[in-house]
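Q: I'd like a close look at just one part here, the cysteines. Please walk me through them at your own pace.

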Amino acid sequence: MASISDQSQGRVAGSERGSGPVAQTRGVVRRYPGVLALDQVDFEVKAGEVRALLGKNGAGKSTLIRLLSGVEKPDEGTVAIGGTVLTGGGSREASRLGVATVYQELSLVPQLSVAENYHLGALPTGRGGLVRTGRMKDAAAAALADLGVRIDPGTPVGTLPVAEQQMVEIARALRGSPKLLILDEPTSSLAAAEVDVVLQAVDRIAAAGVGIIYVSHRLSEIRQIAHTASVMRDGRLVETVSTKGASSDEIVALMLGSATGSTVGMGRQSPPAATNRPVVLSVRGLSVPPKVREVSFDLHEGEILGIAGVRGSGRTELLRSISGLLPPAAGTLTLFGEQLHRWSIRDMVRRGVGLTPEERKTDGIVPLLGIDENIVLADRRSVRRGPLLSSRLQHSAARKLVSALSIRTPGVTVPVGALSGGNQQKAVIARWLHRGSRVLLLDEPTRGVDVQAKAQIYELVRKLADDGVSILFVSSELEELPLVCSRVVVLRDGAITAQLTGDDITESAIFAATLADGTGSAAASTTGESV
Amino acid sequence: SSGTSNSSSTGPVKDRSLRVGAVFMDSQGFYGGVKAGFQSAGSASGAKLKLVESNPGGDVAKEASFVSTLVSSKVDALIISASSETGSVPAIRSAAKAGIPVVCYNTCIGDADTSKYVSAYVQGDPVAFGQDTGNAAADYFLKAGIKDPKIAVVNCEFVEVCKLRRQGFEEALKAKVPGYQIVSNQAGTTQDKAVSVAGNQIQANPDLDAFYGESGGATYGAYKAIQAANKSGKIVVFGSDMTTDIANALADGTVIKSITDISGKVTGKLAWEQVQRVVEGDESLGKIVDAPITGYTAEDKATVQEWLKTHADGLP
Amino acid sequence: MRLSRGVNELGLLAAIVVLYLVLGTQAGGFLTGSNQLGILRDAAQIGIAAWGMTLVIIAGDIDISIGPAVAFGSVMVAKAATDWGLGIPLSVVLTLVIGTAIGAFAGFLRAQYNVPSFIATLGVYSALRGLSQFISNALPVPLPESRFFDFLAGEVAGVPTPAVVMIVLLVVFLVIALKTPYGRAVYALGGNARAAELAGIPVKRIRISLFAVNGFLAAITGVLLAARLGSGSGGSAMGLEFDVIAAVVIGGTALAGGSGSILATALGVIFITLIGNGLVLLGVNQFLQDVVRGVIIVLAVLVNVLLGRRSRLTS
Amino acid sequence: MRLSRGVNELGLLAAIVVLYLVLGTQAGGFLTGSNQLGILRDAAQIGIAAWGMTLVIIAGDIDISIGPAVAFGSVMVAKAATDWGLGIPLSVVLTLVIGTAIGAFAGFLRAQYNVPSFIATLGVYSALRGLSQFISNALPVPLPESRFFDFLAGEVAGVPTPAVVMIVLLVVFLVIALKTPYGRAVYALGGNARAAELAGIPVKRIRISLFAVNGFLAAITGVLLAARLGSGSGGSAMGLEFDVIAAVVIGGTALAGGSGSILATALGVIFITLIGNGLVLLGVNQFLQDVVRGVIIVLAVLVNVLLGRRSRLTS
Ligand SMILES: Nc1ncnc2c1ncn2[C@@H]1O[C@H](COP(=O)(O)OP(=O)(O)OP(=O)(O)O)[C@@H](O)[C@H]1O
Ligand SMILES: Nc1ncnc2c1ncn2[C@@H]1O[C@H](COP(=O)(O)OP(=O)(O)OP(=O)(O)O)[C@@H](O)[C@H]1O
Ligand SMILES: [Mg+2]
Ligand SMILES: [Mg+2]
């Protein structure tokens with residue numbers, strides 16, 4: 001392992017491109033109730049450097065970013081941007097000094113247009129102080145075009161797919177020609193081709209002398225663009241390494257602490273084909289115009305059926321309509337031998353079908369309620385004594401799942417909104433495990449989840465399948481489908497166009513099948529490595 | 001119940017500290033006059049008067065809770081303009097049963113209950129009140145030769161008194177101008193509501209002859225609406241309750257032709273006299289005191305000017 | 001979050017203690033037993049409806065029809081028992097059923113058609129106020145003499161019956177809010193309705209039921225009010241919705257939904273009632289009473305907010 | 001979203017057309033020019049404050065103090081011009097300044113200390129109502145004779161002055177809402193306050209200013225009211241806040257904030273005023289008017305919601 005930093009002096013000899021540090025923290029400490037989120041962190045980025053920030057969910061990455069972008073103040077220590085120490089003037093102070101941030105949670109105004117969101121806080125004005133709408137739209141469209149996306153700048157942002165929203169945010173961050181660009185998991189909701197667009201943009205920006213901090217759980221991306229990587233663990237900055245000099249296993253070991261890469265268990269362990277076992281869920285002619293067209297497939301007991309497709313191929317709508325959230329225009333389900341023509345969410349929950357939505361913040365969690373209550377939300381019968389809920393039963397049920405899924409939290413009554421993104425995702429999955437659902441519809445279950453948790457989720461999914469639970473597994477991270485699925489169907493423009501089984505399930509095969517006419521040769525490089 | 005007030009002594013009120021509960025029915029200027037009249041009469045008789053006051057806004061529920069608070073605080077007497085003949089009975093009964101003498105003014109509970117629970121009632125008989133306006137209106141119509149006047153009412157009939165005022169008004173008219181017609185009757189107690197409602201009534205009835213305003217706000221609103229519609233003199237107003245601006249309009253005389261009024265100050269003074277009588281030891285019940293109902297007309301300018309002079313502070 | 005909620009209740013409790021000290025020394029008759037019982041009786045007028053309102057607000061909705069619904073209940077029970085000759089038990093039951101149904105109707109508009117609850121209940125507000133004045137001709141409708149109404153207007157073991165009803169319902173609602181699947185579902189759908197829906201919680205049905213419960217509680221308040229006054233009155237309970245909502249919000253329940261506490265609402269109810277009682281006893285000018293009330297309500301919430309913030313910073 | 005907003009305005013327009021047809025044929029005098037001008041005059045009472053209220057609600061807040069603020073303005077200007085002898089120009093300016101300051105104070109409580117705007121303005125509501133009754137002794141305070149007040153009460157080119165003021169302000173607020181960075185920032189902070197803050201929008205300052213503007217508009221309405229009545233009255237504008245908020249919500253502005261349109265509010269104002277005018281012209285029983293008004297408001301919003309849904313499904 002190539003350790004290139006001297007922690008005591010906080011000095012990093014990264015790339016040769018930059019000169020002085022554009023951002024620097026000295027001994028910063030940040031506490032939340034019950035959590036030491038940052039513990040004496042010294043951190044430094046130079047101009048022109050792309051610094052990856054790595055660590056498990058809850059390691060403190062986003063917290064460090066919030067300090068650098070001025071949104072929060074450190075309890076101890078100092079944060080300096082371009083040599084100027086922040087005095088607590090909030091995000092405005094930091095942005096004046098040249099910090100632009102794409103936060104982990106989308107920070108857009110859903111009701112406003114793309115153009116307005118792009119210019120948020122700095123609308124172009126003309127005579128009489130009035131907003132120049134035309135210019136505003138042109139500038140937004142041009143900036144997005146630079147990033148390789150074509151979106152009508154008049155569209156309300158809230159109606160766009162998440163990925164496009166993310167691109168709007170990135171475009172906005174670049175608007176003011178920042179000195180330091182912070183990207184907190186910018187690609188977690190993006191598909192391969194778009195990831196590539198972002199990575200190219202990052203490269204270009206860094207070349208122009210901008211310092212970049214890049215947070216991601218996808219090591220492949222990091223090895224592709226970052227010069228150096230700082231690894232965080234339990235609120236401490238444990239190591240800064242050159243990405244050229246360190247292997248992925250070494251980086252993972254650093255992130256996990258005592259655990260080594262091999263215990264993570266990322267190897268392909270997909271269960272044997274289950275097509276000879278009884279059909280649990282049989283979908284026939286399901287249509288949700290215009291997104292899903294005449295989809296038919298069978299899901300067998302104990303099977304993990306992957307659903308692949310590019311963004312917009314209709315995977316989310318397919319899961320939503322099976323779950324009862326989105327009434328289909330046509331089609332039937334046969335669930336455990338019973339044919340259904342109409343079904344509501346509640347029917348499906350009762351029959352043992354559970355959906356984990358791709359947007360956990362808006363659809364998945366109830367942020368103000370405790371982890372325990374979020375976990376038992378779909379089934380309170382098992383935690384009742386008589387007609388009343390028992391806190392004791394609720395806690396013990398929650399505790400079991402918190403430890404089974406390694407949810408990092410000081411306690412089970414902590415509001416789930418205070419958890420890191422990855423841990424929130426686990427809590428949503430835990431809800432269906434508590435419910436004892438026999439069919440799970442997992443929409444991007446590993447989005448924003450760290451490597452270890454990812455491995456745990458794979459493990460969990462396999463174990464559930466062993467126990468006879470049937471799983472539909474939607475993922476945009478092509479490399480994970482071969483790891484867990486015993487069969488993969490590919491959705492294109494809302495219709496199933498291919499099916500892969502056994503050893504045919506490889507990244508490249510899936511990738512080829514998802515694209516209509518083999519466009520986007522860049523994809524092979526973006527998905528080249530898995531950890 | 002004991003039937004005794006908490007003040008240890010009876011006898012002359014001079015130099016005695018008296019806490020008197022006052023329930024004003026709502027926030028109209030009339031009650032300001034009552035308060036002023038009551039207080040000045042009280043201090044004139046040498047009592048150290050402390051008013052514990054409240055204003056339920058015509059809501060019997062609020063009134064009940066105010067009275068129970070006053071009863072708990074053991075005031076020496078209670079003066080009240082009851083929100084409802086029937087609905088206010090429990091409140092007044094509870095005060096009487098707790099030994100607190102009750103003096104009604106302006107409005108009270110039903111006769112039978114009044115004689116059981118109320119020491120005195122300074123009465124401004126609302127029917128007689130309405131009759132006074134009705135007579136003034138009838139005189140005007142007869143003189144103007146209008147046999148079938150079309151009249152719009154701007155009312156305050158969510159309180160009973162106002163219903164009774166109209167009853168009296170119509171009785172008097174029926175006797176003298178039987179061809180009269182109430183073409184519209186709409187609510188508008190506060191000036192701003194009244195001016196817009198009266199405006200609408202003028203639109204709906206192009207051949208309107210007159211307005212009856214059941215309260216001060218209604219009267220003044222109708223007056224303003226006529227002015228705004230440029231119908232001054234074509235439509236006239238017979239109204240209730242004196243205030244400075246109504247008196248001014250009456251003195252002008254083109255729109256407002258008559259006002260019937262019970263002076264708040266006089267009512268307050270009469271109420272004090274009854275309180276004084278009771279706390280000085282006279283425990284007899286059910287005494288009725290008539291508050292003088294005064295009619296003012298546009299023709300009798302001198303009286304109107306006199307009112308303006310004697311009510312320079314604006315309190316009616 | 002838990003912590004700040006506790007602080008909120010402590011802050012209110014402290015404010016109530018201060019009020020007791022001030023009024024106890026300054027306002028004649030304040031500490032007498034009869035005044036304290038009177039306060040309880042007045043509190044019931046706000047409190048019974050406030051329990052249901054807390055749940056409605058936690059669910060992210062609002063119900064502004066309380067005042068007219070109470071007035072309507074009082075007129076309804078009196079009309080049914082006298083003019084319509086239905087007998088007392090049937091009249092009371094009918095009043096409660098109709099009150100519940102009207103509430104459910106507003107809830108249905110909200111749940112089924114997404115009519116904003118402010119508008120749905122504004123409609124009910126206007127319609128019920130008009131209807132109760134119309135059927136009663138704006139005159140109080142006397143209740144028949146009856147042991148049952150005397151009991152409602154009277155006392156149970158020295159405590160005014162309405163206060164007993166309020167306290168019993170307080171316990172019921174505390175248990176519902178904290179311990180039943182239904183109550184927790186209310187918190188869940190107020191916190192994130194989409195997530196609750198996905199978890200299989202019958203969001204529509206719960207929304208309808210919440211407004212139905214509010215209608216039911218308003219009808220109870222109306223019957224108790226009629227018993228107290230000996231008559232039903234269409235003009236009563238004017239502005240009661242403001243007091244009820246204020247009590248809930250002073251208790252720290254956020255209008256945005258998702259969090260709140262019935263116990264804190266109870267403190268809010270006591271706080272509001274005490275202010276009303278104290279201002280009268282202190283002999284404050286009737287109009288200045290409104291001024292002082294406005295200032296105190298804002299101060300109470302302000303202090304609470306500041307306390308909550310302090311506790312979050314130092315913890 | 002755009003589509004459904006357009007549908008919302010079209011739906012309201014259709015409802016207004018229906019009202020015109022019904023009232024034009026059924027209500028005598030409805031279509032006369034003087035009645036139409038009278039409707040405009042009445043609309044101004046609601047409309048002027050409704051423009052500011054729309055922005056407040058878009059920002060995710062609420063201001064329930066409009067009625068008392070208008071009454072206070074009317075009393076204030078009359079007192080200043082008579083008893084305090086400040087002269088008419090100074091009295092008017094002072095009234096507007098104080099109205100603005102009181103609004104700003106409520107906004108400050110909201111923005112700086114996170115006091116919920118419902119509570120902050122409930123406090124102002126109570127305090128201002130009491131204060132205006134107190135300083136006027138609950139009596140109308142006559143205005144001095146003056147050409148200026150006559151002008152305010154009169155007409156400009158045949159159109160009532162208040163209506164002219166309302167229309168001018170409508171244009172101003174339309175431009176503000178749609179075309180200025182300030183107006184767009186209001187939408188932004190209502191849609192996602194955190195995002196707005198992160199983007200460097202001065203959220204606190206904007207919040208304070210919104211309430212200040214509302215106070216200013218209420219003061220203008222108060223001065224116009226005093227001019228119309230020839231006196232200021234502490235008991236006026238009772239319940240005006242309900243009409244104003246209802247007009248805004250009928251116009252489709254969501255109480256949750258983030259979206260809304262001043263133009264749709266204007267239609268809401270006309271709709272509400274028409275109902276009030278029509279019911280009186282039709283000679284409907286005063287109590288049934290409330291019933292009808294309640295039903296129509298709910299129906300209007302319901303139809304709008306259904307139209308919006310239909311358009312979304314078929315688009
Ligand atoms: N506002 C908050 N209140 C309480 N605890 C918080 C808050 N924000 C973060 N934490 C806690 O601080 C710790 C660090 O969180 P942070 O969001 O920085 O992690 P992260 O490294 O970004 O994780 P992820 O990869 O899941 O995004 C976690 O334990 C988290 O629960
Ligand atoms: N009408 C809609 N209302 C709400 N959300 C929608 C609507 N249409 C699409 N979405 C959301 O937009 C996102 C993109 O969905 P889409 O079906 O286009 O892609 P997908 O195949 O699910 O791919 P991915 O999950 O990678 O985005 C999903 O979160 C979907 O739920
Ligand atoms: Mg993070
Ligand atoms: Mg998707």
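A: A:Cys485 is buried: its relative accessible area is 0%, and the cut-off for buried is under 20%. Please keep in mind that this is a predicted model.

Now to the bonded cysteines. A disulfide is a covalent bond that joins the sulfur atoms of two cysteines. Searching the whole structure turns up 2 disulfides over all chains. In chain B, with bonded cysteines counted along the chain, the pattern is 1-2, 3-4.

Let's begin with the link between B:Cys104 and B:Cys108, whose sulfur atoms are 2.1 Å apart. The torsion about its S-S bond is about 55 degrees, and therefore the disulfide of B:Cys104 and B:Cys108 is right-handed. As for their surroundings, B:Cys104 and B:Cys108 are both buried.

The other link joins B:Cys156 to B:Cys162, with 1.9 Å between the sulfur atoms. Here the angle about the S-S bond is -90 degrees, and the link of B:Cys156 and B:Cys162 is left-handed. B:Cys156 counts as buried because its relative accessible area is 2%, a value that falls under 20%. Its partner, B:Cys162, has 5% relative accessibility, so B:Cys162 is buried too.

Put side by side, then, the handedness is right for B:Cys104 and B:Cys108 and left for B:Cys156 and B:Cys162.

Definitions and conventions
Residues are numbered from 1 along each chain as its sequence is written. Chains are lettered from A and ligands numbered from 1 in the order in which they are written. This is a predicted model: local features need pLDDT of at least 70, side-chain atom pairs count only at pLDDT 80 or more; totals for chains, interfaces and linings use all residues. Side-chain values use heavy atoms; hydrogens and water are left out. A disulfide is a pair of cysteine sulfur atoms within 2.5 Å. Buried means under 20% relative accessible area, exposed over 50%, partly exposed in between (1.4 Å probe, protein chains only).
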